[in-house]
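Trainee: I would like to go through the labels used for this model and ask, for each of them, what justifies it. Could we begin with the terms for burial and then move on to rings, strands and the pocket?

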Amino acid sequence: MGEFWPVPDTLGYLSGRWRAERTVRDLAGGEEGRFEGTVVFGPLEGGGLLQHESGDFTWRGVTRPAERTLRFLPGPGGTADVRFADGRPFHDLDLTAGRYVADHPCSADLYRGEFTVRDADHWRTLWRVRGPAKDLELITGYARAL
């Protein structure tokens, strides 16, 4: 197998419980933070998955609880349509090649996410945020929680 692990069914692959470790770097200021927690992809009423992420985020030496919710709706050919909790579009996700790049404009900033699948139990995201308000890099490693 190559560097990436193809996933024919994005929602089927993501379904379940994952451990997440994220590093957040402010490239302009040089500060670094860390998130550790769990991500659960559970059934969404009407089809798809509801992603709930919860854990602890440490920034500038202060640790606080953090959480976020996203909706992963079925897309064509085993892909997903990712939306914010309130239903607004976020990005598409196509893991059929094991790697995907998605863009999300947010005001004048651009979020560019690279999703890579390593094997049945490990995947990673790298979000690069650039613009007048932000200059960030967020790297998250996911490991299936058994």
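Mentor: Buried means a relative accessible area under 20%, exposed means over 50%, and partly exposed covers what lies in between. Please keep in mind throughout that this is a predicted model.

Trainee: Why is F72 called buried?

Mentor: The relative accessible area of F72 is 5%, and buried requires a value under 20%, so F72 is buried. The same reasoning serves for F41, which has 3% relative accessibility and therefore counts as buried.

Trainee: What makes the aromatic pair of F41 and F72 edge-to-face?

Mentor: Ring centres must lie within 6.5 Å for a pair, and planes over 60 degrees apart count as edge-to-face. For F41 and F72 the centres are 5.2 Å apart and the angle between the planes is 85 degrees, so that both conditions are met and the pair is edge-to-face. This pair links distant parts of the chain, since F41 belongs to strand β2 (residues 32-43) and F72 to strand β4, 31 residues apart.

Trainee: Why is the pair of Y13 and W18 called tilted?

Mentor: With 5.5 Å centre to centre, Y13 and W18 form a pair, and their planes are 50 degrees apart; stacked needs under 30 degrees and edge-to-face over 60, so the remaining label, tilted, applies. Y13 and W18 are both buried. The two pairs discussed here involve members of one aromatic cluster, formed by W5, Y13, W18, F41, F72, W123 and Y142.

Trainee: How do you know that R144 lies over the face of Y13?

Mentor: The distance part of the criterion asks for CZ of Arg within 6 Å of the ring centre, and R144 is at 5.5 Å from the ring centre of Y13. Likewise, the charged end of R88 sits over the ring of F84, 4.5 Å from its centre.

Trainee: What makes β7 and β8 paired strands?

Mentor: Pairing needs at least two bridges, and strand β7 (residues 99-106) and strand β8 (residues 109-119) have eight, in the antiparallel sense. Within this pairing, R99 stands opposite T116 in β8. Strand β8 is also joined to strand β9 (residues 122-130) by nine bridges, again antiparallel, with G113 opposite W127 in β9.

Trainee: Why is V101 called partly exposed?

Mentor: V101, which lies in strand β7, has a relative accessibility of 35%, and because this is neither under 20% nor over 50%, partly exposed is the label that fits.

Trainee: What makes the phi of S107 worth noting?

Mentor: Most residues other than glycine have a negative phi. The phi of S107, however, is near 55 degrees, a positive value in a residue other than glycine. S107 is found in the loop between β7 and β8, and at 78% relative accessibility, over the 50% cut-off, S107 counts as exposed. R60, in the loop between β3 (49-59) and β4, also has a positive phi, near 55 degrees, and R60 is exposed, with a relative accessible area of 62%.

Trainee: How do you know which class dominates the lining of the largest pocket, and what is its volume?

Mentor: The largest pocket has a volume of about 590 Å³, and of its 30 lining residues, those closest to the centre are R68, F90, Y111, W127 and L138. By class, the lining has 20 nonpolar, five polar and five charged residues.

Technical notes. Residues numbered from 1 in each chain as written. Predicted model: local features only at pLDDT ≥ 70, side-chain atom pairs only at ≥ 80, totals over all residues. Heavy atoms only, no water. 1 Å grid on protein atoms, 1.4 Å probe; cavity = no way out; pocket = protein on both sides within 12 Å on 5 of 7 lines; lining within 4 Å. Points joined across faces, edges and corners; volume = space filled by probe spheres on them. Nonpolar A, V, L, I, M, F, W, Y, C, P; charged D, E, K, R; others polar. Phe/Tyr/Trp six-rings, centres within 6.5 Å; stacked < 30°, edge-to-face > 60°. Buried < 20%, exposed > 50% of the residue type's maximum accessible area, 1.4 Å probe, protein only. Helix = DSSP H or I, 4+ residues; strand = E, 2+ residues; numbered from the N terminus. Lys NZ or Arg CZ within 6 Å of the ring centre and 35° of its normal.
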